[in-house]
Amino acid sequence: MYDTGSTTFMLICTMLVFLMTPGLAFFYGGLSRRKNVINTMLMCFGAIGLVGVLWVIAGWSLAYGGDGSSPFIGGLDQLLCLPVLGQVLRAAEGNAADGVVYPQIINIAFQMAFAMITAAIVTGSLAGRVKFGAMTAFLGIWLLVVYAPLAHMVWGGDGSFIGDIIGALDFAGGDVVHISSGLTGLILCLMLGRRRGFGMVSYRPHNVPFVALGAGLLWFGWFGFNGGSEFKADAVAALAILNTVTASAAGMVSWLAVERVHTGRPTLVGASTGLVAGLVVVTPGAGFVEPWAALVMGLIVSPVCYLAISHLKTKFGYDDALGWRAQTWCKSVLRSVAASPDVTPS
């Protein structure tokens with residue numbers, strides 16, 4: 001008999017994670033230039049459709065199928081999610097597996113939402129530089145060749161290469177989601193080179209309220225992202241949610257403090273960026289660390305990210321399209337204020 005509390009909890013968490021990809025679309029769309037905003041947001045929404053189809057066809061099976069004999073990839077036994085109906089019928093007859101507190105079919109949707117947000121994150125590094133069709137084709141291949149095997153290696157259970165053999169801890173997606181999407185975006189922007197006018201043209205955000213709206217939706221969805229990764233409604237899930245709030249709040253405060261010292265005034269874009277930085281840094285250990293540690297992580301992450309945005313990218317010269325907009329916005333705001341004292345930044 002399933003636990004109705006944990007079942008309801010996992011259904012809600014799944015829906016919260018699905019909300020994150022539209023939230024990311026607003027976040028990226030707000031940071032984009034006016035002429036690129038539609039294409040930028042379309043790439044995020046395109047990831048929803050593309051991953052939704054491919055995950056059911058093969059992604060779920062490659063990530064979590066098989067008998068566990070391979071440490072690197074799942075199997076082909078769950079293509080098109082064919083065994084699902086049989087599992088549902090057995091559960092309805094009272095034959096659910098021992099120790100299973102909620103219908104395992106929820107995992108297919110929960111992990112699908114993770115795959116969607118991960119694919120959408122990749123698009124931010126190439127905003128304004130890649131056509132929608134080309135990006136879609138790449139993401140389709142990347143999902144099956146990179147994301148699904150990596151998910152199996154980390155979360156594939158006994159015998160998985162990273163999670164079991166190496167013993168790395170990843171509570172809610174530090175390896176599978178953030179490292180994979182971040183490195184992929186960095187490699188792509190290095191391979192494609194800079195945008196025309198990079199370093200000479202002003203890349204001001206298209207819509208700062210969009211940035212704040214997107215950050216708010218990401219923040220709300222992240223409670224399901226981290227809390228749901230415990231896979232049941234218990235004290236560890238509550239700890240993950242508390243750590244999520246703590247780290248994101250600390251990340252926002254430390255970003256605003258660094259921004260105030262470096263540029264002279266805090267901004268809404270900076271607050272939104274610090275909030276997201278805090279969310280990212282706590283995700284791998286959200287269910288493992290104490291709240292004081294989450295606080296320290298949030299306070300540290302923003303200065304590190306701010307330094308990378310303001311100095312390292314300039315030094316190395318790579319064009320990560322939406323990763324350096326916050327610093328550009330801060331500087332452009334200050335120039336505007338200096339030229340017209342009556343202008344008040346957001």
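This is a dialogue on reading the features of a predicted model.

Biologist: What should be known about the numbering and the model before reading further?

Modeller: Residues are numbered from 1 along each chain as its sequence is written, and side-chain values use heavy atoms, with hydrogens and water left out. The model is predicted, and local features need pLDDT of at least 70, side-chain atom pairs count only at pLDDT 80 or more, and totals for chains, interfaces and linings use all residues.

Biologist: How many helices and strands does the protein have?

Modeller: Helices (H or I, at least four residues) and strands (E, at least two) are DSSP runs, numbered from the N terminus. Here there are 12 helices and zero strands. Read from the N terminus, the order is α-α-α-α-α-α-α-α-α-α-α-α.

Biologist: What share of the residues is buried?

Modeller: Buried means under 20% relative accessible area, exposed over 50%, and partly exposed in between, with a 1.4 Å probe and protein chains only. Of the 346 residues in the protein, 50% are buried. Accessible areas come from the Shrake-Rupley method with a 1.4 Å probe; for residues, only the protein chains shown count as cover. The accessible surface is about 15,400 Å², and carbon and sulfur atoms hold 70% of that surface.

Biologist: What part of the contacts joins residues 24 or more positions apart?

Modeller: A contact means heavy atoms within 4.5 Å. Among contacts with a separation of 6 or more, 76% are between residues 24 or more positions apart.

Biologist: Which residues of the largest nonpolar core touch the most other members?

Modeller: A nonpolar core is a set of buried Ala, Val, Leu, Ile, Met, Phe, Trp, Tyr and Cys residues joined through side-chain atoms within 4.5 Å. The largest one has 71 residues, and those touching the most other members are Leu24, Phe27, Trp55, Met135, Tyr147, Leu218 and Phe225. Two or more residues each come from helix H1 (4-31), H2, H4, H5, helix H7 (174-192), helix H8 (208-227), helix H9 (235-263) and helix H10 (268-282). The most come from H2, which gives 14 residues.

Biologist: Which residues does Phe225 touch?

Modeller: Not counting residues up to four places away in sequence, Phe225 touches Val17, Met20, Phe110, Phe114, Ile117, Ala172, Val177, His178 and Thr283.

Biologist: How is empty space found, and how many cavities of 30 Å³ or more does the structure hold?

Modeller: Rolling a probe the size of a water molecule over the atoms shows where empty space is left. On a 1 Å grid over the protein atoms alone, a cavity is a set of points where a 1.4 Å probe fits but cannot get out, and a pocket is an open set with protein on both sides within 12 Å along at least five of seven lines; lining residues have an atom within 4 Å of a point. Grid points are joined across faces, edges and corners, and a volume is the space filled by probe spheres set on the points. The structure holds one cavity of 30 Å³ or more. The largest cavity has about 30 Å³ of space, and its lining is Met43, Gly46, Ala47, Leu50, Phe132, Met135, Thr136 and Leu139. H2 and H5 are the elements that give two or more residues to that lining.

Biologist: How does the lining of the largest cavity divide by class?

Modeller: Ala, Val, Leu, Ile, Met, Phe, Trp, Tyr, Cys and Pro count as nonpolar, Asp, Glu, Lys and Arg as charged, and the others, Gly among them, as polar. The cavity lining has six nonpolar, two polar and no charged residues.

Biologist: What volume does the second largest pocket have, and which residues are closest to its centre?

Modeller: The volume of the second largest pocket is about 670 Å³. Its lining has 26 residues, and Tyr64, Asn107, Gln111, Trp155 and Phe231 are the closest to the centre. By class, the lining holds 13 nonpolar, 11 polar and two charged residues. H2, H3, helix H4 (105-122) and helix H5 (132-155) each supply at least two, and H4 has the largest share, with four.

Biologist: Where does Phe231 lie, and what is its phi?

Modeller: Phe231 is in the loop between H8 and H9. Its phi is near 65 degrees, a positive value in a residue other than glycine. Phe231 counts as partly exposed because its relative accessibility is 28%.

Biologist: Is Gly75 buried or exposed?

Modeller: Gly75 counts as buried because its relative accessibility is 14%. Gly75 lies in the loop between helix H2 (37-64) and helix H3 (84-92). Beyond its neighbours within four places in sequence, Gly75 is in contact with Ser61, Leu62, Gly65 and Gly66.
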